[in-house]
Amino acid sequence: MYKTALEGRKGELADGEADRDEDLEVQIGNKFKRDAFLVFRALCKLSMKTPPKEALADPLLMRGKIVALELLKILLENAGTVFRTSERFLGAIKQYLCLSLLKNSASTLMIVFQLSCSIFISLVSRFRAGLKAEIGVFFPMIVLRVLENVAQPNFQQKMIVLRFLDKLCLDSQTLVDIFINYDCDVNSSNIFERMVNGLLKTAQGVPPGVATTLLPPQEATMKLEAMRCLVAILRSMGDWMNKQLRIPDPYSTKRFEDVENSSEPGNVPMAILNGDESAEGSDSHSEASNEASDVLTIEQRRAYKLELQEGISLFNRKPKKGIEFLIKANKVGDSPEEIAAFLKNASDLNKTLIGDYLGEREDLSLKVMHAYVDSFDFQGMEFDEAIRAFLQGFRLPGEAQKIDRIMEKFAERYCKCNPKAFTSADTAYVLAYSVIMLNTDSHNPMVKNKMSADDFIRNNRGIDDGKDLPEEYLRSLFERISRNEIKMKEDDLSLHQKQSVNSNRILGLDNILNIVIRKRDEDQHMETSDDLIRHMQEQFKEKARKSKSVYYAATDVVILRFMIEVCWAPMLAAFSVPLDQSDDEVVITLCLEGFRYAIHVTAVMSMKTHRDAFVTSLAKFTSLHSPADIKQKNIYAIKVRILFSMYR
């Protein structure tokens with residue numbers, strides 16, 4: 001490890017030159033900071049080292065990687081103020097540690113995945129103010145990818161993630177900050193909403209008739225753990241609200257102690273939530289951006305995002321109506337250029353429907369298509385390179401007339417950017433069609449008799465105003481297309497989209513996730529390849545470019561209203577059904593605890609409709625309308641209902 005660290009500086013150490021670019025500090029302590037930087041970098045590099053194939057199934061042979069990850073975990077958990085706030089060290093986390101997480105989150109070795117999760121929770125708890133964009137990428141990749149796989153998850157991975165979420169809730173500030181910075185950011189995935197819905201689906205279990213790899217005891221354990229996480233989320237929201245409003249803990253007073261002990265055996269004391277771990281996790285709150293969170297601005301951002309998602313959902317069903325809705329709602333301008341920019345940059349639109357819309361012959365659609373094509377700069381590009389860039393954002397429609405209109409405009413634009421490439425735009429138009437046919441012929445497994453280079457050259461004779469294009473040019477074009485298929489960005493990413501087609505593609509974050517998944521399918525034990533890592537990093541940079549860099553630290557309790565709007569219905573479903581169907585005391589205790597926290601938060605926030613939904617559902621479970629049918633769980637429900645009345 002020491003040798004690895006020295007190798008990065010051997011040029012400077014050999015000739016004794018003064019530190020240059022890496023040592024920006026000139027204070028007395030700069031040598032210590034430099035050494036800390038070198039050790040951190042060495043650990044990150046060691047954690048990324050790809051071991052031989054025979055070592056992948058043997059943790060003993062992986063000890064170098066595992067020790068490095070364990071040391072990184074300890075380092076981050078005990079990092080001081082300098083490490084958490086220095087731009088140099090935050091830059092090292094982004095440059096080295098993030099790459100380590102990208103590689104190791106795909107590992108099938110549980111100890112590596114578990115350590116990656118532990119490192120990530122330290123980043124979320126202690127470094128989130130300086131790593132907003134990075135956490136926005138890694139949360140879906142490490143946590144939500146596993147959480148949302150309900151039918152055929154890896155049991156050990158899923159349990160690691162569930163325990164991760166339970167631990168995350170110990171810091172009441174973290175969840176609220178996540179909601180503000182991601183669910184209220186139009187360029188970010190709805191992390192809090194997806195987390196709650198993923199927990200609900202896990203708590204409900206595998207749907208009837210769906211094949212699963214889980215054994216019945218495993219599924220029962222997973223459902224119980226998911227319910228614990230849902231209760232922990234409500235508890236965390238209530239704890240944060242109590243702190244902000246300086247409300248005494250309604251459950252800790254002496255007069256309710258007997259009621260609570262009898263109604264909820266084994267209940268976790270609230271003191272745990274206020275212990276060292278919670279205090280330690282919230283230190284990033286004090287180091288966050290000094291800008292106070294403006295509730296009105298947050299509300300406007302949240303409303304804007306919800307309306308934009310509604311318009312995108314409508315577009316993905318009926319493109320013309322979707323565009324009309326977005327224009328009317330002022331989410332997209334009414335000029336062809338603005339609509340084209342939206343179609344080009346909104347990565348969660350259905351690519352097939354974008355192609356259909358661009359191929360329409362109606363006046364507005366035609367103008368939008370022209371503006372869309374004109375937004376590309378093909379200057380200096382090879383012909384096939386230009387087609388690749390052009391077709392990455394949408395799928396060509398199936399109707400020949402629509403393809404004809406789009407490719408005719410493409411040929412015109414390519415020749416305008418490269419006036420010396422062909423004699424006329426007609427040549428580019430015909431060659432574009434020929435390239436698309438070659439691409440289909442070469443890469444469609446249904447085509448048995450593949451086109452040869454000579455066939456391709458023969459098919460394109462006389463297309464340049466009666467003359468032939470140079471044979472070397474056509475042969476080179478054939479070789480490039482045959483080796484490298486022209487495809488959309490999403491062609492490699494279908495697996496995860498099939499698992500989660502509703503709202504999981506915001507910002508293209510799942511592009512990253514599916515690259516990890518695809519590689520694991522190809523080689524169950526191998527780490528992600530360098531090419532895939534590079535592609536992930538490109539997606540990561542795109543996320544960082546689009547996402548607002550300002551980190552908001554939640555301070556106004558009104559933000560809880562928006563969180564409740566997101567989670568109340570899943571929570572009600574998660575607690576009501578098991579309480580009605582189960583007689584297991586642990587399950588009943590968790591359900592009633594969930595009701596208790598939900599009623600408390602909605603009551604204090606004056607959300608009468610939501611509060612009444614929980615109270616009415618709870619009242620039904622008292623069975624007071626039918627005393628003969630009362631069971632022990634109904635008595636517990638009565639006690640919780642009385643407790644609510646007492647502290648209200």
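How far apart are the end C-alpha atoms of helix α31 (residues 608–620), and what span should its 13 residues have at 1.5 Å a residue? The panels below, all taken from a predicted model, begin with that helix.

**Panel A. Helix α31, residues 608–620.** The end C-alpha atoms of α31 are 18 Å apart. That agrees with the expected 18 Å for 13 residues at 1.5 Å each. Buried here are H610, R611, F614, V615, S617 and L618. These residues cover an arc of only 165° around the axis, so they sit on the same side of α31. K608, T609, T616 and K620 lie on the other side and are exposed.

**Panel B. Helix α4, residues 63–77, and its packing partners.** Its 15 residues should span 21 Å at 1.5 Å a residue, and the end C-alpha atoms are indeed 21 Å apart. K65, I66, A68, L69, L72 and L76 are the buried residues of α4. Down the helix axis they fall within an arc of 160°, so they line one face of α4. The buried residues pack against four helices: α3 (30–48), α5 (81–85), α6 (87–104) and α7 (110–127).

**Panel C. The aromatic pairs of F390 with F376 and F394.** The structure holds 29 aromatic pairs. In one of them, F376 and F390 meet edge-to-face, with centres 5.6 Å apart and 80° between the planes. This pair links distant parts of the chain, 14 residues apart. F376 is in the loop between α20 (363–374) and α21 (383–391), and F390 is in helix α21. F376 has a relative accessible area of 10%, so it is buried. F390 is buried as well, at 1%. F390 also pairs edge-to-face with F394, at 5.2 Å centre to centre and 80° between the planes. F394 is buried, as is F390.

**Panel D. An aromatic cluster, and charges over rings.** One cluster is formed by Y372, F376, F378, F383, F390, F394, F410, Y414, F422 and Y473. Over the ring of F376 sits the charged end of K344, 4.0 Å from the ring centre. Elsewhere, the charged end of R596 sits over the ring of Y597, 5.3 Å from its centre.

**Panel E. The salt bridge between K402 and E360.** A search of the whole structure finds 24 salt bridges. In the one shown, the closest N and O atoms of K402 and E360 are 3.2 Å apart. The partners are 42 residues apart and link distant parts of the chain. K402 belongs to helix α22 (residues 400–417), while E360 is in the loop between α19 (351–359) and α20. K402 has 10% relative accessibility and therefore counts as buried.

**Panel F. The salt bridge between D384 and R480.** The side chains meet at 3.0 Å, N to O. D384 lies in helix α21 and R480 in helix α25 (residues 471–483), 96 residues apart. Are the two partners buried or exposed? D384 counts as buried, at 3% relative accessibility. R480 is partly exposed, at 21%.

**Panel G. A salt bridge within helix α25, and a network.** E471 and R475 meet at 3.0 Å, N to O. They are four residues apart in α25, so about one helical turn separates them. E471 is partly exposed at 43% relative accessibility. R475 is partly exposed too, with a relative accessible area of 31%. Salt bridges with shared partners also join E382, D384, R388 and R480 into one network.

Conventions: Residues are numbered from 1 along each chain as its sequence is written. This is a predicted model: local features need pLDDT of at least 70, side-chain atom pairs count only at pLDDT 80 or more; totals for chains, interfaces and linings use all residues. Side-chain values use heavy atoms; hydrogens and water are left out. Rings of Phe, Tyr and Trp (its six-membered ring) pair if their centres lie within 6.5 Å; planes under 30 degrees apart count as stacked, over 60 as edge-to-face and the rest as tilted. Helices (H or I, at least four residues) and strands (E, at least two) are DSSP runs, numbered from the N terminus. Buried means under 20% relative accessible area, exposed over 50%, partly exposed in between (1.4 Å probe, protein chains only). A charge sits over a ring if NZ of Lys or CZ of Arg is within 6 Å of the ring centre and within 35 degrees of the ring normal. The expected span of a helix is 1.5 Å times one less than its number of residues. The arc is that of the directions from the helix axis to the C-beta atoms. Contact means heavy atoms within 4.5 Å. A salt bridge is a side-chain nitrogen of Lys or Arg within 4 Å of a carboxyl oxygen of Asp or Glu.
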